[in-house]
Amino acid sequence: MKMFTGIYFPEKGINVNAEKYFIPASNTKIFTSYYALKVLGDDYEFSSCYAIKNKKLYIKTLGNPLITQNDLLEMIGHIEEKVEEIILFYRYIHPTERPPGWCIDDIHEPYAPPVSEINYELNRIKIDGNGIFPENNFFSIVKHKGKNHIENNKIFFNKEFTFSPDNPLYIFENSLAFLLKKKNVAGENLRIYNKNFNVSCESFAKHNISEILKIMNKESENSIAELLLLYTGMRANQTGLKRSLKYMKRLLNEDGIRDFVFYDGSGLSNYNIATPRSIVSVLDKLIDNRIFNDSLPVGGVDGTLKNRLDKRVRAKTGTLKHVQNLSGYFEGHPFSITVNNAANVKKARNFIDDYIRKYF
């Protein structure tokens, strides 16, 4: 198997297959970042909302790309009466659970949760010596000496592990009910209904776009990327995966950026393709955007580059089977290195790092 490499660094006059198409993997998140910042702006704040009325807890998720357990606990801290019913409305972004090109082998992997209307704690479950997180009683833990595995709602646990459940919505509902009961503000026969309502609400689970982009890009969180793509489309009246991707393409084309095809917002799809030149073109558009720049991993400092390179590099990694990419800024100048058809992604990563040290 022969590696196929594309390198584009205009500042140094380096152009190797810059017009050829490569699988971008998580370099796709650069395009998703552009889309969100273009449509929503640098100061945008995401939130959900809630209300308490007649012993009923009303919640609208509003397409929020991230809700954490701490968000729920903060909201619950404002509840002073027993809750007998939860009225939850969440139909906003109309997700495709597994976008085209996602590998079937990734099902249940922590980095590839199903795309859901609700992204609760990144739609992952973590099991360790302290129990289960986020807290819920949807799953029960059975300690045993064999391999970790799941049967129905039982988790047979030997050592720490993390997985993505099939049903993020159920986990959210169960965790919410569990936390209400734990804080002693749930009625004995708590009921949950999924339907729309017309009740004035207060905001909770507030996260600004800077925070969301940092989580997405520094740690390469795929669930954030998918929700951000869909949320941005919703706000542009382009609801759903196909319409949102089509609108993102239109905006990029209007800015003179072409030569890409995307099927998702995270880069998990093996059907995505882009040229190094198109990646650099997006980076050039975002070069003066502080929010975007601050969201990128810094070489030797944090995120997916914590143990790679040095501070001269701010860049987005991109990894799939046989794919290893790195695109961002070297001393403030945009570059893209894409390696596809790599039999050994570790060697491909070392090739990228060595090339930067030698030629940049």
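**A friendly note on a surface patch and two pockets**

1. A good place to begin is the surface, where Val261, Tyr263 and Tyr271 make up a nonpolar patch with a combined accessible area of about 280 Å². Please keep in mind that this is a predicted model.

2. Take Tyr263 from that patch. Tyr263 sits in the loop between strand 14 and strand 15 (273-274). Its relative accessible area is 34%, so Tyr263 counts as partly exposed, a class that lies between the cut-offs of 20% and 50%.

3. Two members of the patch, Val261 and Tyr263, also help to line the second largest pocket, together with residues including Thr96, Pro100, Phe260 and Phe262. This pocket has a volume of about 260 Å³.

4. Which element gives the most to the lining of the second largest pocket? It is helix 6, with six residues. Helix 6 spans 241-254, and strand 14 (260-261) likewise supplies at least two lining residues. By type, the lining has eight nonpolar residues, one polar and three charged.

5. Now for the largest pocket, whose volume is about 350 Å³. Its lining is made of 18 residues, and those nearest the centre are Tyr111, Asn222, Leu268, Thr319 and Leu320. Strand 16 (residues 313-320) gives the most to this lining, with five residues.

6. How do the residues lining the largest pocket divide into nonpolar, polar and charged, and what are the counts? Nine are polar, five are charged and four are nonpolar. For the second largest pocket, by comparison, eight residues of the lining are nonpolar.

Terms used. Residues numbered from 1 in each chain as written. Predicted model: local features only at pLDDT ≥ 70, side-chain atom pairs only at ≥ 80, totals over all residues. Heavy atoms only, no water. 1 Å grid on protein atoms, 1.4 Å probe; cavity = no way out; pocket = protein on both sides within 12 Å on 5 of 7 lines; lining within 4 Å. Points joined across faces, edges and corners; volume = space filled by probe spheres on them. Helix = DSSP H or I, 4+ residues; strand = E, 2+ residues; numbered from the N terminus. Nonpolar A, V, L, I, M, F, W, Y, C, P; charged D, E, K, R; others polar. Patch = residues over 30% accessible without salt bridge, like charges linked within 9 Å, V, L, I, M, F, W, Y side chains within 5 Å. Areas by Shrake-Rupley, 256 points an atom, 1.4 Å probe, with all protein chains shown as cover. Salt bridge = Lys/Arg side-chain N within 4 Å of Asp/Glu carboxyl O. Buried < 20%, exposed > 50% of the residue type's maximum accessible area, 1.4 Å probe, protein only.
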